[in-house]
Amino acid sequence: MENLFHRTSVRKYLAKSVEKEKIIQILRAAMAAPSACNQQPWRFTVVTEQGLIEKLAQVSRFSTFAAAAPVLLVISFRKDCPLPEFAPVDTSAALENLWVETDAQGLGGVWMGVYPREERMEAVAQLAGLPGEEEAFAMFALGYPDQEIAPHDRFHEEWIRWK
């Protein structure tokens with residue numbers, strides 16, 4: 001559970017490449033997520049080409065910092081899956097696994113919302129060259145953190161109801 005409390009949003013990265021083996025392990029963790037009827041709708045585009053990262057970072061005013069990330073993952077989901085209404089939920093579970101494993105690999109990252117904002121979804125899909133059967137869901141910038149990551153505790157007992 002230590003990674004759950006250590007994982008946080010990291011928006012500043014060292015100018016250092018991320019090893020392909022670490023990216024594969026992160027994506028392996030993402031694909032271990034549960035999904036409705038085991039439909040596994042998630043798809044991943046790994047972007048390391050700096051020019052494309054810079055363009056994708058301009059999709060939203062909340063993602064401009066990502067221009068300096070060494071890796072940008074574009075996370076999408078299939079529209080043609082058996083239960084398409086659950087695809088965003090399934091993909092969220094995969095993204096959380098991805099984030100926790102990013103931390104376990106000694107890296108930092110941050111989830112940038114794309115779905116359900118149509119203008120962001122269209123821009124990301126076009127820039128990343130997603131196939132027509134996929135919807136853009138999120139972007140995830142990752143790299144070696146340029147800051148110390150401190151553990152945090154967001155537990156609020158008052159948010160729990162016992163019946």
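Which residues have the most contacts inside the largest nonpolar core? In this predicted model, they are Phe-44, Leu-73, Leu-98 and Phe-140, within a core of 24 residues. Two or more residues of this core come from each of helix H2 (20-30), strand E1 (42-47), strand E2 (71-78), helix H4 (87-104) and strand E4 (134-143). The biggest share belongs to H4, which gives five residues. A good place to start looking is Phe-44, which touches Leu-27, Ala-30, Met-31, Val-74, Ile-75, Ala-94 and Leu-98, leaving out residues up to four places away in sequence. A second, separate core has 23 residues, among them Leu-56, Val-114, Val-124 and Ala-141.

Val-71 makes a helpful next stop. This residue lies in strand E2 and counts as buried because its relative accessibility is 1%, where the cut-off is under 20%. Apart from neighbours within four places in sequence, Val-71 is in contact with Val-18, Ile-23, Val-46, Val-47, Thr-48, Ile-53, Phe-140, Ala-141 and Leu-142. For the last of these partners, Leu-142, the C-alpha atoms are separated by 5.4 Å, although Val-71 and Leu-142 are 71 residues apart along the chain.

In soluble globular proteins, nonpolar side chains tend to be buried together. The surface of this model nevertheless carries a nonpolar patch, formed by Phe-155, Trp-159, Ile-160 and Trp-162, with about 600 Å² of accessible area together. Of these, Ile-160 is found in the segment after E4. Ile-160 has a relative accessible area of 36% and is therefore partly exposed, a class that lies between the buried limit of 20% and the exposed limit of 50%.

Key:
Residues are numbered from 1 along each chain as its sequence is written. This is a predicted model: local features need pLDDT of at least 70, side-chain atom pairs count only at pLDDT 80 or more; totals for chains, interfaces and linings use all residues. Side-chain values use heavy atoms; hydrogens and water are left out. A nonpolar core is a set of buried Ala, Val, Leu, Ile, Met, Phe, Trp, Tyr and Cys residues joined through side-chain atoms within 4.5 Å. Buried means under 20% relative accessible area, exposed over 50%, partly exposed in between (1.4 Å probe, protein chains only). Helices (H or I, at least four residues) and strands (E, at least two) are DSSP runs, numbered from the N terminus. Contact means heavy atoms within 4.5 Å. Patches are made of residues with over 30% relative accessible area and no salt bridge: like charges are joined within 9 Å, nonpolar side chains (Val, Leu, Ile, Met, Phe, Trp, Tyr) within 5 Å. Accessible areas come from the Shrake-Rupley method with a 1.4 Å probe; for residues, only the protein chains shown count as cover. A salt bridge is a side-chain nitrogen of Lys or Arg within 4 Å of a carboxyl oxygen of Asp or Glu.
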